[in-house]
Amino acid sequence: MKLRSLFLLASLLILGVVSVHAQDRKPIYVYTDSDTNISDWWTNTVKPAFEAEYPEYEIVQTIVRGVGGGVGDIANRALAALETGDDPQVDFIESINVESNADWLANDLWLEVTEENVPNIVNVVAATNRLPQEVPYRGSQVLLAYNSDLVAEDEVPTTYAELIQWIKDHPGQFVYNRPDRGGSGAAMVTRAIFEVTGQDPSLFVPGEFDEDLVAQFPKAWDLLGSIHSSIYEEGAYPAGNTPVLELLANGSVSMITAWSDQALQAINLGVLPESTKLAQLTDLPFTGGYSYGAIPANSTNVEGAVALANFLLTPEIQVAVVEQLGGFPVVSWETLPPELQEQYTSVITDVVPTWPGGDYGAAMVEGWYNNVATNIDRSS
Amino acid sequence: MVLLIFYPAAQSIVRTLTIDVDGQPGLSLSRYTAFFRDPISVANLMFTFQITILVLVVMFIVCFPLSIYLRFASGRIASAVQVLVLFPLFVPGIILCYALIRFLGSHGTLESILTGVGFSGYRTPYLKPNAIIFALVWESIPFTVLILTAGLRQVSNELIECARDVGANNWHIFTRIILPLIKRPVLIVFSLSFLGIFGSYTVPYLLGPASPQMMGVFMQQTFGQYRRPDDAETQAVITFLICSFVGFLYVRTVVSQRQTQREDE
């Protein structure tokens, strides 16, 4: 033991004295196709912090955003390499749905992440619902953003019913985007569906399409239809998350639904005024989701990849997820500094409902367009 | 071109006619009757027509005076106007949309200016049909003016001076001499702009209302979001047929122009 720590100390000293050349460090090939804010954050925060902690490794980030099938192509390349026994040239994928290709799971493409190889995985909260191959490391949730100069604190809705009432009482002051053009508007619509189906998101299972549930959607259209004329400009729905943030920023409306990360980042950058405040519904929060990293089992630098995975789950990076990305941590808020918890107290929740998408998504979007956005009656 | 455009187009048309609404094979028009029975599809098609016609009308109203001015004026101001007219050519559609959101939107530049001069009660056209018209007209100005000015250059100064000598006023010169002589460029601008506007996507998507939608947005939505490729195909064929009719007009104009030229020679 003594010998080992001595050896470690010596090697650290050597590393410190002799400047480490890039080629001496073992590369960890990281691929991402996430938005610029994420890839920039990796370049500016994750990479330097990780390399300071583990000088023997070097993160080599490749951005494949908008290139073919993005990280899916990289995973397919790794799968091909797995079959031929070649080097997949990828050690860590920043964010991927490991289930999206059945071949990946069937061929055990992904390394199973356990307490043994990634000790910090035990701190990950159950709400992330992770598969054994997934390393969730950041989350985001839709919430209400409002202008506190115009909306008094005690007026802020805490339940969906109150929100609907608030919108009716303040015509033109609320807006959400079309549900297929950004998750913040979709959350407003899916929350209406949850509302009329008994506030139980667990009823909605990906894949299977429950006709009985879909038969109840018209009740959600009635609910959203009842506020249609009270939406900004008597029912004008922008085509994206950003245009909605902009309407709040320029004072056209005083309350919106927004992604936590986009809203927090906009506040930090001064795009949204400082008077902007965030709130979450307390009866059943809006939907959200986590991003999951994955490690190909045939990576030639598994030690580096699991070290990176473990590093992503340290309090240091999890705090950075909140402060710099405006995301949500995947570890319990209690493990993070109390000041941080206090700052975000109005939005912290352990319940993160998810919407299954797929066929449910298509039914949701089509139903909304045909019943809420228009006043044409299709049955006539 | 045959392989890339006509073959797949013909394939689509055949498919919409031979596979009916329930996916059963057999010659039937059921997909088309379903389209025309659905009030939302019909509303979207009508909306597309309405926008296209309005844009064309406004476009000509704006562009005729500009082209005539550029044809007959010279000097520094005229060159400045020329540069301004061509400017939209170099602005990508998506940039235009975001600029217009800022300009026309509520609490935007235009409203601030209007409030500054004491006018209140501005209602933003953003997310309404008028914003689509505004942006599409702006986008089509350079092309229209280029073609019209080129056509006007063929009207000789002598002809106009002659008319003026015999006492014709400006309006007469415009309707009796200029308009008949530039009928062809006008037809070309009409048909090419029609095609561009009818199939536009970015502008109606970013600036227009959620409903009704123009066909471009509607097709994309039906295909990508509602996951109904068959319905999207029917919509595409209907759009294609309407556009090919206008395309035919264009081809006829160009062909007849070639013929007259040959006869002249």
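# Chatting through a two-chain model

Colleague: Hi! I'm new to this one. What does the secondary structure of chain B come to?

Modeller: Welcome! Chain B has 13 helices and zero strands. Keep in mind that this is a predicted model.

Colleague: And what pattern does chain B follow along the sequence?

Modeller: Reading along chain B, you get α-α-α-α-α-α-α-α-α-α-α-α-α. As for its extent, the C-alpha trace of chain B spans about 70 × 60 × 30 Å along its principal axes.

Colleague: Okay, on to the interface. How many residues of chain B are in contact with chain A?

Modeller: On the chain B side there are 28 residues, and they are in contact with 30 residues of chain A.

Colleague: How much area is buried between chain B and chain A?

Modeller: About 2500 Å². Carbon and sulfur atoms give 49% of that area. Area is a handy figure here, because the size of an interface is often given as the accessible area lost when the parts come together.

Colleague: What about charges? How many salt bridges are found across the interface of chain B and chain A?

Modeller: The rule finds five salt bridges there. One of the pairs to look at is B:Arg102 with A:Glu246, where the closest N and O atoms are 3.2 Å apart.

Colleague: And how many residue pairs are in polar contact across the interface?

Modeller: There are 15 such pairs between chain B and chain A, counting those with both residues at pLDDT 80 or more.

Colleague: Which helices of chain B supply at least two residues of the side that touches chain A?

Modeller: Four to find in the viewer: H3 (39-72), H5 (93-104), H11 (202-207) and H12 (215-225), all of chain B. The one that gives the most is H12(B), with four residues. By class, this side of chain B has 13 nonpolar, nine polar and six charged residues.

Colleague: Changing topic: how many cavities of 30 Å³ or more does the whole structure have?

Modeller: The search finds two. The largest cavity holds about 60 Å³ of space, and the second largest has a volume of about 40 Å³.

Colleague: Which residues line the largest cavity?

Modeller: From chain A there are A:Tyr369 and A:Asn370. From chain B come B:Ile40, B:Asn44, B:Ala210, B:Ser211, B:Pro212, B:Gln213, B:Phe218 and B:Tyr226. Helix H15 (358-371) of chain A and H3 of chain B each supply at least two residues of this lining. It has six nonpolar, four polar and no charged residues.

Colleague: And which residues line the second largest cavity?

Modeller: Among them are A:Arg178, B:Phe47, B:Ile132, B:Tyr205, B:Met214 and B:Val217. B:Pro212 and B:Gln213 line the second largest cavity and they also line the largest cavity. By class, the lining of the second largest cavity has eight nonpolar, two polar and one charged residues.

Colleague: B:Pro212 keeps turning up. Is the peptide bond from B:Ser211 to B:Pro212 cis or trans?

Modeller: That peptide bond is cis, with omega near -5 degrees. B:Pro212 is placed in the loop between H11 and H12 of chain B.

Colleague: Good to know. What about pockets: how much space lies in the second largest pocket?

Modeller: About 400 Å³. The lining of the second largest pocket has 17 residues, and A:Lys277, A:Leu278, A:Gln343, A:Ser346 and A:Val347 lie nearest its centre.

Colleague: Which elements of chain A supply at least two residues of that lining?

Modeller: Helix H11 (260-269) and strand E7 (276-279) of chain A do. E7(A) gives the largest share, with four residues. The residues of the pocket lining divide into nine nonpolar, six polar and two charged.

Colleague: While we're on chain A, where is A:Gln89 found?

Modeller: Look in the loop between helix H3 (71-84) and strand E3 (92-93) of chain A. A:Gln89 has a positive phi of about 55 degrees, although it is not a glycine.

Colleague: Last one, back to salt bridges. How many does the structure hold over all chains?

Modeller: There are 15 over all chains. Among those to look up is the one between the side chains of A:Glu195 and A:Arg191, at 2.7 Å from N to O.

Colleague: How many residues apart are A:Glu195 and A:Arg191 in helix H6?

Modeller: They are four residues apart in helix H6 (residues 183-196) of chain A, so about one helical turn separates them.

Methods:
Residues are numbered from 1 along each chain as its sequence is written. Chains are lettered from A and ligands numbered from 1 in the order in which they are written. Side-chain values use heavy atoms; hydrogens and water are left out. Contact means heavy atoms within 4.5 Å. Buried area is the accessible area (1.4 Å probe) that two parts lose on being put together, summed over both. A salt bridge is a side-chain nitrogen of Lys or Arg within 4 Å of a carboxyl oxygen of Asp or Glu. A polar contact is a pair of N or O atoms within 3.5 Å; within protein, one must be able to donate a hydrogen and the other to accept it, and residues adjacent in sequence count only if both atoms are side-chain atoms. Ala, Val, Leu, Ile, Met, Phe, Trp, Tyr, Cys and Pro count as nonpolar, Asp, Glu, Lys and Arg as charged, and the others, Gly among them, as polar. On a 1 Å grid over the protein atoms alone, a cavity is a set of points where a 1.4 Å probe fits but cannot get out, and a pocket is an open set with protein on both sides within 12 Å along at least five of seven lines; lining residues have an atom within 4 Å of a point. Grid points are joined across faces, edges and corners, and a volume is the space filled by probe spheres set on the points.
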